[in-house]
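Thank you for making time this morning. I would like to walk through one structure with you, moving from charged pairs to a helix and then to a few unusual backbone positions.

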Amino acid sequence: MDQHEHIENDEKYHGLTVNSGVKQQPVVNPYLKPRKRRPLPTSGELVEGILKGDITTLSRAVTLVESLSADHQTIAQEVIEKCLPYSGNSRRIGITGVPGAGKSTSIDVFGLHVLKDGGKLAVLAIDPSSERTKGSILGDKTRMERLAVHPSAFIRPSPSAGSLGGVARKTRETIVLCEAAGYNNIFVETVGVGQSETAVHSMVDFFLLIQLAGTGDELQGIKRGIMEMADGIVINKADGDNVDRARLAQAQFRSALHLFPPTQSGWFPEVLCYSGYYGLGIEEVWEMIDRYFKFVKENGYFDRKRQEQARYWMFETIDEQLRRNFYTNPEVKQMLFEKEARVLNNQQSSFTAARDVLDFYFNRENK
């Protein structure tokens, strides 16, 4: 009997018949015509659209910047170079805080306050990626309900998968494109208190730290180096029964700031309370930011910091390219595989194995 036939249809099973069933239908619709991929735009077309402020063109250019494809990167770098003369005319503000501190809700309120007086706002949100699947939700827009539909706002979440340095570099390049498109306010939201803050601090003018009261985090916040980078600290959710706790946390953070060495800018960070959900104290927070920009522009620190950041990212890019060139070299990859086996079998120490691989790489490059 054929293995695909039903045994119940054998003659010895009288009166029992089993039909063969419906033939498996194709998974793909046979009438579906394959979509033609749009050809890659030229760098000139992208730059023209960006300078006109076209959001679709800007989004496509940012996608090329984030792409790992060599062809995409070539076009992206050409676009960045051509947009560079039109950049630099914005306020770059980094926003960080512990998860659940209300960063996205605060950005929604801060953004609407900024756009109230005109201008344009770009929000670049670095979204945490799963270490296991490398996937990201990219759902920041759902927490910025009013800003997401505002015609003068551009919200772009980016996954943090891969090296934080690489993600931060792409964010910095995206800032250049957004400024060329006419966005005079740039918000960069980080994944939360961690390593990404250092990278974000190196690309913004003002670094805002959002804290919560009554969470037991006050001492931890003082111990971490994050407070040394903050130009302003704001206590969120200062509303209802939480007002007294917020005031107490405000006093604690103010006392803690006196323990830190003076900032390079000469600015002493301020600590304020506000409520992002109820929109309380937003005006005061923004007045603090205005005072900071006025202060650093008058003493020349604003321009010096921008120059230091440009130098920093030049060397960071060199480091990243050297690392990529090293690990993608086929001969190095093979040697790493062999050396790894020797190290795991206790046939060679980790240090001598690393030295052998590096010696091989540098000798090969010098030939």
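Let me begin with the term that the first part rests on: a salt bridge here is a side-chain nitrogen of Lys or Arg within 4 Å of a carboxyl oxygen of Asp or Glu. Please keep in mind throughout that what you see is a predicted model.

With that cut-off, Arg291 forms a salt bridge with Glu270, and their closest N and O atoms are 2.6 Å apart. This pair links distant parts of the chain, since Arg291 sits in helix H11 while Glu270 belongs to strand S7, residues 270–273, with the two positions 21 residues apart in numbering. As for their surroundings, Arg291 is partly exposed at a relative accessible area of 38%, and Glu270 is likewise partly exposed, at 21%.

How many salt bridges does the model contain by this rule? The count comes to 11, and I will take two further examples from among them. In one of these, the side chains of Glu66 and Arg156 meet with an N to O distance of 3.2 Å. Glu66 lies in helix H2, residues 55–66, and Arg156 in strand S3, so this salt bridge ties together parts that are 90 residues apart in sequence. Glu66 is partly exposed, with a relative accessible area of 23%, whereas Arg156, at 15%, counts as buried.

The other example is a local one. Arg324 and Glu320 meet in a salt bridge at 3.3 Å, N to O, and, being 4 residues apart in helix H12, they are separated by about one helical turn. As a general point, an α-helix has 3.6 residues a turn, so residues three or four places apart point the same way. In this pair Arg324 counts as partly exposed at 38% relative accessibility, while Glu320 counts as buried at 11%.

Helix H12 deserves another moment, for a reason that has nothing to do with charge. Met314, Phe315, Ile318 and Leu322 make a nonpolar surface patch of about 390 Å². One of these residues, Phe315, is found in helix H12, which covers residues 301–327, and at 45% relative accessibility Phe315 counts as partly exposed.

Let me now go back to helix H11, where we met Arg291. Helix H11 covers residues 282–298, which is 17 residues, and reaches 25 Å from its first C-alpha to its last, close to the 24 Å expected at 1.5 Å a residue. Which residues of H11 are buried? They are Ile282, Val285, Trp286, Met288, Ile289, Tyr292, Phe293 and Val296. If you look down the axis of H11, these buried residues fall within an arc of 150°, so they line one face of the helix. On the face turned away from that buried side, H11 carries the exposed residues Lys294 and Glu298. Just after H11 comes Gly300, which takes a positive phi of about 85°.

Positive phi values also turn up in residues other than glycine, and I would draw your attention to two. Lys237 has a phi near 65° and is placed in the loop between strand S6, 232–236, and helix H10, 243–257; at 38% relative accessibility, Lys237 counts as partly exposed. Asn346 has a phi near 60° and lies in the loop between helix H13, 330–344, and helix H14, 350–366. Is Asn346 buried or exposed? Asn346 is exposed, with a relative accessible area of 71%.

Strand S3, which already gave us Arg156, offers one more position to look at. Pro157 has its place in this strand, residues 153–159, and counts as buried at 15% relative accessibility. The C-alpha atoms of Pro157 and Leu124 are separated by 5.8 Å, although these residues are 33 apart along the chain.

I will finish with the cysteines. A disulfide is a covalent bond between the sulfur atoms of two cysteines. In this model the count of disulfides comes to 0. Cys178 counts as buried, at 0% relative accessibility, and Cys273 also counts as buried, at 14%.

Conventions: Residues numbered from 1 in each chain as written. Predicted model: local features only at pLDDT ≥ 70, side-chain atom pairs only at ≥ 80, totals over all residues. Heavy atoms only, no water. Patch = residues over 30% accessible without salt bridge, like charges linked within 9 Å, V, L, I, M, F, W, Y side chains within 5 Å. Areas by Shrake-Rupley, 256 points an atom, 1.4 Å probe, with all protein chains shown as cover. Buried < 20%, exposed > 50% of the residue type's maximum accessible area, 1.4 Å probe, protein only. Expected span 1.5 Å × (residues − 1). Arc of directions from axis to C-beta. Disulfide = S-S within 2.5 Å.
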